[in-house]
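Dear colleague,

Please find the structure below, handed over for your own examination. My account of what was found in it follows.

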Amino acid sequence: MANPMIGKSSSQSSRPKEPKKVKITPLATRRFVAWTVEITLFIASGLVPYSLGVYVNSRSEIQRVPLNPVLVVTEKAIARPLALPISYGIRNVAWPTNILWTLALLLPTSLCGWQLYLLAKTGSTIPKRWFGVRVVNIAGETPGLSAVIVREGLGRWTIPVSAAYLLWRYSFVFPNLALFTSLAMLMILAESKGWPNQKHRRSFHDQLAGTYTIDATSTVIPAEEHSTATENNADSAANQQSTPPSSPRNNPTISLFLVGLTSMIAVLSTLIGTQIYIQTQENQRRSEQTNSQKFLELIRSLNPNNGVTNEDRQRVILALGSVDDKQSIKLLIDLLVKETDPKTLDTIQQALTNAGFKAIPELNRMNQFLAGELASMGKSANGEIRQNQLILTQQVINKILAYNGKINKIDLSNAQLGSQASGKKPLFNLVLNNLDLSGIVLKSANLNQANFQGSRFRSVGEDGRGDTYDDAIADLNNTQLKQANLSNTNLSRVPMSRSDLSGANLNKSNLSYTRLFNANLSSTQLVGTDLRNAILENASLTNADLSNANLTEANLYAAHLVRVSAIGTQLAYANLTKTDWQGADLSESYLDYANLSHANLSATRLTGASLRSTNLENANLRNADLSRADLQGANVAGADFQGTILFVGKQNPADQFVETPDIGSQNASIKGVDFSQAKNLDPQQLAFICTQGGLNSRCP
């Protein structure tokens, strides 16, 4: 007799078990998360070493080296399309920063290349593999390198970002970089969504490359393939489930029409472009031929054998200035250095001034030739002749620059437009007051005792916005500007490395972000000058007057500031490491959060100065006057306080000729400052520290 329980069990066990339902995250969500991880890894691989490089670069005690040329080129390539300011001149950074920033360029590039290789060979990047996402072609195989380059390089990034860039570049929000970033992200996300009316909705980059994004973990057979799969065996069905649906057939008529239209436009564009080029070349040839004929006719008129009067000759010279021909410029300059008649010389100068900037290259060539001749001849009779000829070229260049409008990209490198020796009254004085000299190149030029009062050496470019890639900025590297008048000038961001500005007047000028690396500013007037973020590494400012100047966040690493007057000067957050201030006057100056480590402040007057949270580690403060100075929060570890004045004792009335006004406490504010590691503290200083709230291990 059968056991009913066994029978019941058998019947129950014979029933097929229902598959356990597992909640699977939708493919679209996993695709998005995988893409987000890819972007995060890409950004982090560049951002981490870049941030470390910035941090290391802020440590001014590390040796400086020129920025890697590859990084300079990359910086400019990025800055121009994004309307970012470009660093001009030689840029010095800490040596580890060069390595870290190079890694910030190489790591993202290497990571991107590796991920593309994996995608081409396996159909998945590492993040896609984590989230069960796979890319295949229409045959269900790995896409291959060419399809991946089209898919990622062209479809996913180039087209959407280019569309976003064009909309941003020619809109009213340019150059707002945050809005461009937002617009680019929106374009990328919109491209990833694909067209809503598609039967099998795919991203644009998948359609462009002929690829499909599928679920690598799915065991569900798509409905449109079910009938085919049931006719095959189990192995065939397993292969079918990863095969993407066939793409809809394209309309051949539309494709042929588009190909024909594109070909027609290309042919017409080529024909029109060729015609325009031929016509332009023909017009240019005719113009050159006409000018050449005019020049030859005028040359015949200058022939003395033709019996022309001086008045006729001067009219011909003026006419030569209006002829657009290089030969006429050379002839006029040759006449300038050979002619002796004063009236004729005035006419030649006027003709060259009318010729304008096109005469500058030949004038500069002659100017340098005459300066070289003069240097070799000395004070001989021929030397005096060369001197007069040199002055004539200087006068013409001055007139052209003063009367011919925008000067951008005029090259006067090595020009001799100043006196040969400082202190002497110049025979010629370059005067270019209140002019726009933006973009002029005066590299290694002699501009001693020149007058540029109120002029601008930097202006906005065609986009009408400052601090962007197309700003017109002059080049004054290695320029001689001794005793020049540059008061109220705009020299912001102008490269002036190794320039000699000794004795110059730069009062109330704008030199923010200006590069003055290794420049000579000895005895220079810089009263009220804006030097925020200026680069003054290894510069010499001996005896300069920096009163009321603004040097916030300026970099004066290892600068020489002996006997400088810096009364009321703003030096907050400035890098003053290894600077030499011996005998300087920094009364009432602001040095909050400045870095004065290893600085020489011996015999420096710092009365009433604000030194809150200043780094004075290992600074030399011997015989410095810190009365009324505020040192709260300062780091004085290793600082030498031998003979330093921290407080002012009561003066003997018998020794006081003039009564000192009562201005409150004469003592330095040192509450909470740790002097435990300070050097050479005498008993009186130690007693003052202990009674005024300072910290020291020897305090009772």
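**Findings: salt bridges, a helix pair and a long loop**

At 16% relative accessibility, E38 counts as buried, because the limit for that class is under 20%. Please note before reading further that this is a predicted model.

The partner of E38 is K128, with which E38 forms a salt bridge whose closest N and O atoms are 2.9 Å apart. This pair links distant parts of the chain, since E38 belongs to helix α2 and K128 to helix α5 (residues 126-130), 90 residues apart. K128 has a relative accessible area of 6% and is therefore buried as well.

In total, the structure holds 15 salt bridges. Another of them joins R30 to D215, with 2.7 Å between the closest N and O atoms. Here too distant parts of the chain are linked: R30 sits in helix α2 (residues 27-58) and D215 in strand β4 (residues 211-215), with their positions 185 residues apart. Both R30 and D215 are buried.

A further salt bridge is formed by E152 and R151, and its closest N and O atoms are 2.4 Å apart. The relative accessible area of E152 is 9%, so E152 is buried; R151, at 1% relative accessibility, also counts as buried. Which residues do salt bridges with shared partners join into one network here? They are R151, E152, R156 and D206.

R151 and E152 also take part in a helix contact, in which L116, L119 and A120 of α4 meet L145, V148, R151 and E152 of α6. By class, the residues of this contact divide into five nonpolar, no polar and two charged. As to geometry, helix α4 (residues 95-122) and helix α6 (residues 145-169) pack at an angle of about 125°, and their axes are 8 Å apart. The two helices are therefore oblique to each other. The crossing in which α4 passes α6 is right-handed.

I turn next to the loop between β6 (472-473) and α17 (683-691), where S509 lies. Is S509 buried or exposed? At 2% relative accessibility, S509 counts as buried. Leaving aside residues up to four places away in sequence, S509 touches L486, S487, N488, T489, T529 and D530.

One of these contacts, N488, deserves a separate remark on its backbone: N488 has a positive phi of about 60°, although it is not a glycine. N488 is likewise found in the loop between β6 and α17, and its relative accessibility of 42% is why N488 counts as partly exposed. R493 also has a positive phi, of about 65°, and is not a glycine. The loop between β6 and α17 is where R493 is found. With 18% relative accessibility, R493 counts as buried, because buried means under 20%.

Finally, I385 lies in helix α16 (residues 381-403). I385 has a relative accessible area of 46% and is therefore partly exposed. Between the C-alpha atoms of I385 and L370, which are 15 residues apart along the chain, the separation is 9.8 Å.

With kind regards

Definitions and conventions:
Residues numbered from 1 in each chain as written. Predicted model: local features only at pLDDT ≥ 70, side-chain atom pairs only at ≥ 80, totals over all residues. Heavy atoms only, no water. Axes fitted to C-alpha atoms, helices over the stretch in contact; angles between N-to-C directions. Helix = DSSP H or I, 4+ residues; strand = E, 2+ residues; numbered from the N terminus. Parallel < 35°, antiparallel > 145°, perpendicular 65-115°, else oblique. Left-handed = near helix turned anticlockwise from the far one by under 90°. Contact = heavy atoms within 4.5 Å. Nonpolar A, V, L, I, M, F, W, Y, C, P; charged D, E, K, R; others polar. Salt bridge = Lys/Arg side-chain N within 4 Å of Asp/Glu carboxyl O. Buried < 20%, exposed > 50% of the residue type's maximum accessible area, 1.4 Å probe, protein only.
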